[in-house]
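Me: I have a model to go through with you. Let us take it question by question, with short answers.

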Amino acid sequence: MAIDISHRQRNNDRRIITLKKSKKQKKGLSFCILSIAAIVFAAAGLAGTAFSVKLGTPLQLLLSFIGQAAVPLSAFLTAQVYNHAANPRKTVLVLGILALFSHFPYVYLCTGGFEILSRTSLIFPLFMGCTGLMLSDMPNADRNVKTILMLLICFAASVGDGGSAAAVWLIIFGSPYDRQTQTKFFYAAGFVITAINLIYGIMGGQWYSFIPTLGFLISVPFINNFNPFKAEISKALIYVVFYPAIIIIIALIKVLF
C-alpha cells in the first residue's frame, strides 16, 4: 500500500486566522533564540570532531551528545522556513548552494584534507529534507513514485552530518499534521535511531556509541516552547549561513593551532 504524502494544505485564509489566534500567546521562544541554540549545539559537536577528541571518553560523548541536539533543532527551524517561505523552491536552492559551500571546510575539519567524495555537513540532509517536502507538494505526481523517491531522498541524506535522521525529522516537522502528531513521530524516529545505533555499537564492541544519539532530547524543550510569531520566519533562512561560518572558523583554528 502506498503512503499518501500528497495532502499538504496551504490555505492562506486559514493561516491568517491561525496567526491572529496565536498572536495572543505572549510566552515562548523566538526563532532567533532557537537559531542561537542550534548554532551553539552544532559548534560543540564540530569542536569535538575537529580536534579529534578520543572516542569513548567522557568529553567526546558529552560534545557529541550536545552536538546531536543541533540536528532536530535545525530540521525544525528549516521546516518552519520552508513552510512560511513565499517561494519554497528558493529555500531549497539556497540550501543546496550552502551545502556545496560548506562541504570542503567540513571535510578538512574532519579529515585534515580535501576530498570530493566524503561525508559532508548537516546542510546536505537539510537540503534533502526540503527536497522531500517540495516533492510532497506536487499534487499530480503518482503516490507510489513519491513514496519511492522519498525513501531514496532519506537514504541519500545519510552521507551528511546528522544523517537520514535530519531529513526524516525535517519532513515530519514540515508535514501538514498537527503539532501533537508531529511530536509523536519525532520521538518515534529518535528512539528508533537510538536503538539502531545501540545495536551497531554492541556489534562493534562500542556499546556506548548510542549515548550521543539521545542528545536529540535536549532540543525538545526548545521546540515545544517555540513561538513562531516573535520573528519574521519567512525571511529567517539567514540562520543557516552561520553553520558553514562556524565550520570555517573552527577549521581555521585547527590550522593555526
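Me: Is S219 buried or exposed?
Reply: This is a predicted model, and the value is computed from it. The relative accessible area of S219 is 0%. The cut-off for buried is under 20%. S219 is therefore buried.

Me: Where does S219 sit along the chain?
Reply: S219 is not placed by a helix number of its own, but by the two helices that flank it. Its place is the loop between α9 and α10.

Me: How far is the backbone oxygen of F216 from a polar atom of the S219 side chain?
Reply: S219 is in the loop between α9 and α10, and F216 is also in the loop between α9 and α10. The S219 side chain offers a polar atom, and F216 offers its backbone oxygen. The separation is 2.6 Å.

Me: Which residues does S219 touch, not counting those up to four places away in sequence?
Reply: Contact here takes heavy atoms within 4.5 Å. With residues up to four places away left out, the list for S219 is A69, P72, L73 and F186.

Me: What geometry does the aromatic pair of F186 and F216 have?
Reply: F186 and F216 are both buried. Their ring centres are 5.6 Å apart, and the planes meet at 90 degrees. An angle over 60 degrees sets the class. The pair is edge-to-face.

Me: Why does the pair of F186 and F216 tie together separate parts of the sequence?
Reply: F186 belongs to helix α9. F216 belongs to the loop between α9 and α10. The pair therefore joins parts whose separation in sequence is 30 residues.

Me: How many aromatic pairs are there?
Reply: Ring centres must lie within 6.5 Å to count. By this rule the total is 13.

Me: What are the distance and angle for F76 and F226?
Reply: These two rings form an edge-to-face pair. Centre to centre, F76 and F226 are 5.2 Å apart, and the angle between the planes is 90 degrees.

Me: How many residues apart in sequence are the parts that F76 and F226 tie together?
Reply: F76 lies in helix α4, residues 70-84. F226 lies in the loop between α10 (220-224) and α11 (242-256). The pair therefore ties together parts separated by 150 residues.

Me: Are F76 and F226 buried or exposed?
Reply: F76 has 0% relative accessibility. F226 has 9%. Buried means under 20%, so F76 is buried and F226 is buried.

Me: Which residues do ring pairs link into a cluster?
Reply: The two pairs above supply some of the names, including F76 and F226. The cluster is made of F31, F76, W169, F173, F186, Y187, F191, F216 and F226.

Me: Which residues does L29 touch, leaving out those up to four places away?
Reply: L29 is in the loop between α1 (12-22) and α2. At 26% relative accessible area, L29 is partly exposed. Its C-alpha is 9.0 Å from that of N224, which is 195 residues away along the chain. The residues touched are L34, P221, F222, N225, F226 and N227.

Me: What separates the C-alpha atoms of I39 and Y243 in space?
Reply: I39 is in helix α2, residues 31-50. Its relative accessible area of 23% makes it partly exposed. Along the chain, I39 and Y243 are 204 residues apart. Their C-alpha separation is 6.6 Å.

Me: With which residues is T131 in contact, beyond neighbours within four places?
Reply: T131 sits in helix α6, residues 123-136. With 19% relative accessible area, T131 is buried. A polar atom of its side chain lies 2.8 Å from the backbone oxygen of F127. The contacts beyond the near sequence are V92 and I153.

Me: What area does the nonpolar surface patch with V192 have?
Reply: V192 lies in helix α9, residues 179-203. It is partly exposed, at 48% relative accessibility. The patch is made by V192, I196, I199, Y200 and M203. Its area is about 570 Å².

Me: How many helices does the chain have?
Reply: The chain has zero strands. Its elements read α-α-α-α-α-α-α-α-α-α-α from the N terminus. The helix count is 11.

How values were computed:
Residues numbered from 1 in each chain as written. Predicted model: local features only at pLDDT ≥ 70, side-chain atom pairs only at ≥ 80, totals over all residues. Heavy atoms only, no water. Patch = residues over 30% accessible without salt bridge, like charges linked within 9 Å, V, L, I, M, F, W, Y side chains within 5 Å. Areas by Shrake-Rupley, 256 points an atom, 1.4 Å probe, with all protein chains shown as cover. Salt bridge = Lys/Arg side-chain N within 4 Å of Asp/Glu carboxyl O. Helix = DSSP H or I, 4+ residues; strand = E, 2+ residues; numbered from the N terminus. Buried < 20%, exposed > 50% of the residue type's maximum accessible area, 1.4 Å probe, protein only. Phe/Tyr/Trp six-rings, centres within 6.5 Å; stacked < 30°, edge-to-face > 60°. Polar contact = N/O pair within 3.5 Å; in protein donor to acceptor, adjacent residues only side chain to side chain.
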